[in-house]
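Good morning, everyone. Let's put the model up and walk through it piece by piece.

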Amino acid sequence: MRRNGALRPEVLDAADAADLVPDGAGVLIEASGGGVLEPSALLRAIGDRHRRTGGPTGLSLYFCSGIGDRQGSGVDVLARPGLVRRAVAGHWAMTPSLSQLAYEGQIEGYNLPQGVLAQLLRESAAGRPGLFTPVGLGTFCDPRQGGGKLNDVTTEDLVRLVEVDGEEMLFYPSPRFDVALIRATTADEQGNLTVEHETARLGVLAAAMAARNSGGLVIAQVKRLAMAGTLNAKHVVVPGHLVDVLVVDPDQWQTVTTAYNPAFSGEVRVPFTEAEPMPLSERKVVARRALAEIPRGAVVNLGVGMADGVAGVALEEGRLADLTLTVEQGIVGGVPERGVIFGVSWNPDAVIDHSAQFDFYDGGGLDVACLGFAEVDAAGNVNSSLVNGRIIGAGGFINISQAARTVVFCGTLTSGGLRTTVGGGRLRVTAEGRHRKFVPRVRQITFNADRARARGQRVLYVTERAVFRLGPDGPELCEVAPGFDVDDVVALMDFQPKIAERVTEMDPALFAEPSAPTLAGASAGAQTSTPQPSREE
């Protein structure tokens, strides 16, 4: 039954809807970075209310993915002293102000795997006690390594180590919610929601069910309102009986960079015969070398950062029709965008719930994952979640890296001011990076090398000057770029790696412009990339 026994949802403006959020509420926000399904008007209205009145106070926020644009939008509009007491999130990089509050201990903060948080919405909706999973074992989410707590003021345990049939597992208890904030494109007068202009479905249905079955309030922001009974029933992703309040925002943008692009929502497929190639740089070198590890017919996940360049290189080299690229937000096929709207894809083949995507990942469905890294240590562990004192968060990294058959970590040998020129089969360093990324011990374990060895995963670490493989005792140097030798590489590492019995030269073609650039396969099945993809430098 809806709030106050209403037969239809109330239609309110954002300010009036914000007034319904009580002090101390557990607030679920189901959205993703770059404005994807972000209920922006509702978030701004809650922030504005607190600025005017001092309320609500003490909110506990829960969001599976990073929500914002790194510039103050999304959940960062709620990063105000007194407004938030706690945040449980899968990713924090999109909300630097909230991240800073957690880093300084001004709020309680947790970082748990994105897939776990997405799957927990279903557990909560069904009234089950929680999720048993190996995801997170051996990482900073393991209770033996902090249980995902981000500071000293965060004391409650949200993860427990248990044993199931003699195997270690982590148990994540189901959360409960007082309010869920969700978004769609269209609502009818009965509250039925469709997402025809959205780039993803995420977990809006599970979120609405979880809040409703917790006795909470479901507030949905939409772009337009339709007459009751006029929506195609098969297109409804959230049935109306789950929705208490509707807020209509006719200025709702599809993402933070696009008002509306039908190629993002799968309504139109666009050709890419004029796609601009990636500039020849260290990023492209790494992307090319990573692509070489992806066999024909592979199902692939590409991570944010340097790894997302693999899609653009696949387009240039005519390999898109050979691969199925996926993104954890539930996108299958097409080519992922880069930068702030990573998680959006051009010309997707299918869009599924992100919890289902993580089911596929966790079950071992990925052939290859290409992921970024901030640090690699002497044991082969990887940190991608805590960088130079900034809480970045794991996002889907832990789920993905623990289950893919082959994991290719992509990054530069050093960072912080690294400048290179690439061409003619060689890379030349014009300014060395200030920070070494291969360190004795990572600050935080986001990928556990010992567990990867036990699972039999194949793991590579690809940089612009060298390639390493995970050996029995840690990274093993197996390839060096033309013009460099083993000593050049080791001199920029803070530990002595194992050296392969035979160190080979990286293919000089990785460092040269192709003699005949091709976009072959760009229109075949329309599995392509952007005409002018945004780039995260």
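Let's start with helix H7. H7 is mostly covered: 8 of its 8 residues are buried. They are Gly 309, Val 310, Ala 311, Gly 312, Val 313, Ala 314, Leu 315 and Glu 316. Before going on, one caution: this is a predicted model.

So what covers the buried residues of H7? The cover includes helix H6 and four strands: S15 (299-302), S16 (324-327), S18 (335-336) and S21 (368-372).

Now look at both ends of H7. Before the helix, in the loop between S15 and H7, you find Asp 308. Is Asp 308 buried or exposed? Asp 308 is buried, with a relative accessible area of 1%; the cut-off for buried is under 20%. Keep Asp 308 in view and find Asn 399, 91 residues away along the chain. The C-alpha atoms of Asp 308 and Asn 399 are separated by 17 Å. On the other side, H7 is followed by Gly 318. The phi of Gly 318 is positive, near 70°.

Next, the helix pair. Two packed helices are described by the angle between their axes and the distance between the axes. H6 covers residues 282-291, and H7 covers residues 309-316. They pack at an angle of about 75°, and their axes are 8 Å apart. That angle makes H6 roughly perpendicular to H7, because 65 to 115 degrees counts as roughly perpendicular.

Which residues of H6 and H7 meet? From H6 come Lys 284, Ala 287, Arg 288, Ala 290 and Leu 291. From H7 come Gly 309, Val 310, Val 313, Ala 314 and Glu 316. The residues of this contact divide into 6 nonpolar, 1 polar and 3 charged.

On to the strands. Strands of a sheet pair through backbone hydrogen bonds, either parallel or antiparallel. We will see both.

Take strand S4, residues 84-89. 5 of its 6 residues are buried, so S4 is largely enclosed by the rest of the structure. Strand S3, residues 59-63, runs parallel to S4, and 5 bridges join them. For one of those bridges, find Leu 59: its partner in S4 is Val 84. S4 also pairs with strand S5, residues 108-111. That pairing is parallel too, over 4 bridges. Here Ala 87 has Gly 109 of S5 as its bridge partner.

What links S4 to S5? Follow the chain through helix H3, residues 96-103: S4, H3 and S5 make a right-handed β-α-β unit.

Now move to an open sheet of 3 strands. Its order is S6-S8-S7, and its pairing is antiparallel. Which strands are at the edges? They are S6 (130-133) and S7 (160-164), and each pairs on one side only. The twist averages 35° from one strand to the next.

Look at S7 beside S8, residues 167-173. They pair in the antiparallel sense over 5 bridges. Val 164 has its bridge partner in S8, and that partner is Glu 167. There is a helix here as well. H4, residues 114-126, lies across S6 and S8. H4 runs at about 135° to S6.

There is another open sheet of 3 strands, with the order S23-S22-S31. This time the pairing is mixed. The edge strands are S23 (382-383) and S31 (438-439), each pairing on one side only. S22, residues 375-377, and S23 pair in the antiparallel sense over 2 bridges. In this pair, Val 376 has Val 382 as its bridge partner.

Last stop: strand S32, residues 458-462. 4 of its 5 residues are buried, so S32 is largely enclosed by the rest of the structure. What are its neighbours? Strand S26, residues 406-410, runs parallel to S32 and is joined to S32 by 5 bridges. Strand S33, residues 466-471, pairs with S32 in the antiparallel sense over 3 bridges. S32 and S33 form a hairpin, with 3 residues between them.

Finish on a residue that ties these strands together: Val 462. Val 462 is the bridge partner of Cys 410 in S32. Val 462 also stands opposite Val 467 in S33.

That's the tour. Over to you.

Technical notes:
Residues are numbered from 1 along each chain as its sequence is written. This is a predicted model: local features need pLDDT of at least 70, side-chain atom pairs count only at pLDDT 80 or more; totals for chains, interfaces and linings use all residues. Side-chain values use heavy atoms; hydrogens and water are left out. Buried means under 20% relative accessible area, exposed over 50%, partly exposed in between (1.4 Å probe, protein chains only). Two strands pair if DSSP finds at least two bridges between them. A crossover is right-handed if, with the strands pointing away from the viewer, the path from the first strand over the helix to the second runs clockwise. Axes are lines fitted to C-alpha atoms, for helices over the stretch in contact, and angles run from 0 to 180 degrees between N-to-C directions. Angles under 35 degrees count as roughly parallel, over 145 as roughly antiparallel, 65 to 115 as roughly perpendicular and the rest as oblique. Contact means heavy atoms within 4.5 Å. Ala, Val, Leu, Ile, Met, Phe, Trp, Tyr, Cys and Pro count as nonpolar, Asp, Glu, Lys and Arg as charged, and the others, Gly among them, as polar.
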